[in-house]
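This report describes selected features of the structure shown below. It treats surface patches, aromatic contacts and salt bridges in turn.

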Amino acid sequence: MATTIPLFASFKYADSLTVVGISFCTALVCEAISWILIYRTTSYKSLKYSIDKAAKKLETMKTENPSSKLTIKKSKTKKIDRVETSLKESSRDLSLFKFKSGAVVALVLFVVFGLLNSLFEGKVVAKLPFHPIAIVKKMSHRGLKGDDPTDCSMAFLYLLCSISIRTNLQKFLGFSPPRGAAGAGLFPMPDPKTN
């Protein structure tokens, strides 16, 4: 049986507000952990600075007017390739650097999800304003009894809140990845020149 926080017990949407509130608090805790393990270190700051610098340099090199001489064009292409390679290496190093806090954050999220799952097991916490397609219905109706496709389980609401709140919180706090590292990560975009 689900229990609600006494503060929200008198509201019509008490369960929904509880899930959203816990999601917000979890996002704050995760960003605090990331700040302690990553964002305040000099290694991160130097990597971020080198990525920003390389991205700006690459942008200015690509926007400059191409010269008519072939030799100057080739040397410019080689310089652009070197800057792109440096940017990719720095982005990869940044991703590996962030990996250590990712394990701690994943553990926190796992514990909170387990707690919420035990609190709201089999309980409808929200109503969707639409009839979802089959794959979304499987996610939104996970663990719920009944046939109403607009019923929303805690897992689906928590997933939506976690994604949106944490992303926006990172942007608000200035912890979003550097603009040159946007394509970085475990699965970076392939280089079109190698094909």
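## Positive surface patch

Lys79 is located in helix 3 of this predicted model. With a relative accessible area of 45%, Lys79 is partly exposed. It belongs to a patch of positive charge on the surface, in which Lys53, Lys57, Lys74, Lys78, Lys79 and Arg82 gather.

Two helices each contribute at least two residues to the positive patch, namely helix 2 (42-63) and helix 3 (70-119). Of these residues, 4 come from helix 3, which gives the most to the patch.

## Nonpolar surface patch

Helix 3 also holds Val111. This residue has a relative accessible area of 53% and is therefore exposed, the cut-off for that class being over 50%. Val111 forms a nonpolar patch on the surface with Leu107 and Phe110, and together the three residues present about 350 Å² of accessible area.

## Overall architecture

The chain contains 5 helices and 2 strands. Their order along the sequence is α-α-α-β-α-β-α. The chain has 195 residues, of which 31% are buried.

## Aromatic contacts

The structure contains 3 aromatic pairs. One of them is formed by Tyr39 and Tyr44, whose arrangement is edge-to-face, with 5.2 Å centre to centre and 70° between the planes. Both residues lie under the 20% cut-off for burial: the relative accessible area is 7% for Tyr39 and 3% for Tyr44, so each of the two counts as buried.

Tyr39 also pairs with Phe175; the ring centres are 4.2 Å apart and the planes stand at 20°, so this pair is stacked. The contact links distant parts of the chain, as Tyr39 is in helix 1 (residues 14-39) and Phe175 is in the segment after helix 5 (154-173), 136 residues apart. Phe175 is likewise classed as buried, at 15% relative accessibility. Tyr39, Tyr44 and Phe175 thus make up one aromatic cluster.

## Salt bridges

The structure holds 5 salt bridges. Among them is the one between the side chains of Asp15 and Lys123, at 2.9 Å from N to O. Asp15 lies in helix 1 and Lys123 in the loop between helix 3 and strand 1 (126-127), so this salt bridge ties together parts that are 108 residues apart in sequence. Asp15 is buried at 9% relative accessibility, whereas Lys123 is partly exposed at 27%.

Another salt bridge joins the side chains of Asp93 and Arg92, with an N to O distance of 3.6 Å. Asp93 has a relative accessibility of 33% and counts as partly exposed. Arg92 is also partly exposed, with a relative accessible area of 48%.

## A salt-bridge network

The side chains of Lys127 and Asp151 meet in a salt bridge of 2.6 Å, N to O. Because Lys127 lies in strand 1 and Asp151 in strand 2 (residues 151-152), the pair ties together parts that are 24 residues apart in sequence. Asp151 has a relative accessible area of 8% and is buried. Through salt bridges with shared partners, Lys127, Asp148 and Asp151 are joined into one network.

Notes. Residues are numbered from 1 along each chain as its sequence is written. This is a predicted model: local features need pLDDT of at least 70, side-chain atom pairs count only at pLDDT 80 or more; totals for chains, interfaces and linings use all residues. Side-chain values use heavy atoms; hydrogens and water are left out. Patches are made of residues with over 30% relative accessible area and no salt bridge: like charges are joined within 9 Å, nonpolar side chains (Val, Leu, Ile, Met, Phe, Trp, Tyr) within 5 Å. Accessible areas come from the Shrake-Rupley method with a 1.4 Å probe; for residues, only the protein chains shown count as cover. A salt bridge is a side-chain nitrogen of Lys or Arg within 4 Å of a carboxyl oxygen of Asp or Glu. Lys and Arg count as positive and Asp and Glu as negative; His and the chain ends are not counted. The place of a charge is taken as NZ of Lys, CZ of Arg, CG of Asp or CD of Glu. Buried means under 20% relative accessible area, exposed over 50%, partly exposed in between (1.4 Å probe, protein chains only). Rings of Phe, Tyr and Trp (its six-membered ring) pair if their centres lie within 6.5 Å; planes under 30 degrees apart count as stacked, over 60 as edge-to-face and the rest as tilted.
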